[in-house]
Amino acid sequence: GAAETCRAMGLRFLGEVPLQVELREASDAGEPLVLRNPDSPAAQAIVKAASEAAAALEESIAALRLRR
């Protein structure tokens, strides 16, 4: 899966989002699931993945600053 591929490539795995009917319905309606039902497993996974992405970006920015 994606986690194994990321490990093999030396990349950070941001997470998995469970496929739920509610996620599809919210997406089809143009509503963010994290606002519609923030306690759902899919919404929590999305928030976690976004946090991981933000952390990776912060680390990259910090590394670039050290190179200056």
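Asp28 is exposed in this predicted model, with a relative accessible area of 59%. This residue counts as exposed because the class begins over 50%. Its salt-bridge partner is Arg24, and the closest N and O atoms of the two side chains lie 2.8 Å apart. Arg24 is partly exposed, at a relative accessible area of 47%. Both residues belong to helix H2, where four residues, about one turn of the helix, separate them.

**Salt bridges**

Side chains of opposite charge can pair when their charged atoms come close. The model contains four salt bridges, and three of them are listed below with the N to O separation.

| Basic residue | Acidic residue | N to O distance |
|---|---|---|
| Arg12 | Glu52 | 3.5 Å |
| Arg24 | Asp28 | 2.8 Å |
| Arg36 | Glu31 | 3.2 Å |

Which parts of the chain does the pair Arg12 and Glu52 link? The side chains of Arg12 and Glu52 meet in a salt bridge. This pair joins distant parts of the chain, with Arg12 in the loop between helix H1 (2–9) and H2, and Glu52 in helix H4, 40 residues apart. Arg12 has a relative accessible area of 35% and is partly exposed; Glu52, at 25%, is also classed as partly exposed.

The remaining pair in the table is Glu31 with Arg36. Glu31 is partly exposed at 37% relative accessibility, and Arg36 is partly exposed at 34%. Elsewhere, salt bridges that share partners connect Arg12, Glu52 and Glu59 in one network.

**The nonpolar core and helix H4**

In soluble globular proteins, nonpolar side chains tend to be buried together. In this model the largest nonpolar core has five residues: Leu23, Ala26, Leu33, Ala42 and Ala43. Helix H2 (21–29) and helix H4 (41–67) are the elements that each supply two or more of these residues.

Ala26, one of the core residues, touches Glu31, Leu33 and Arg36, when residues up to four places away in sequence are not counted. Two of these contacts, Glu31 and Arg36, are themselves joined by a salt bridge.

Helix H4 has 27 residues. From its first C-alpha to its last, H4 reaches 39 Å, close to the 39 Å expected at 1.5 Å a residue. Which residues of H4 are buried? They are Ala42, Ala43, Ala45 and Ala49. The buried residues of H4 pack against H2 and helix H3 (33–36). Among them, Ala42 and Ala43 also belong to the largest nonpolar core.

Key. Residues numbered from 1 in each chain as written. Predicted model: local features only at pLDDT ≥ 70, side-chain atom pairs only at ≥ 80, totals over all residues. Heavy atoms only, no water. Core = buried A, V, L, I, M, F, W, Y, C linked by side-chain atoms within 4.5 Å. Buried < 20%, exposed > 50% of the residue type's maximum accessible area, 1.4 Å probe, protein only. Contact = heavy atoms within 4.5 Å. Expected span 1.5 Å × (residues − 1).
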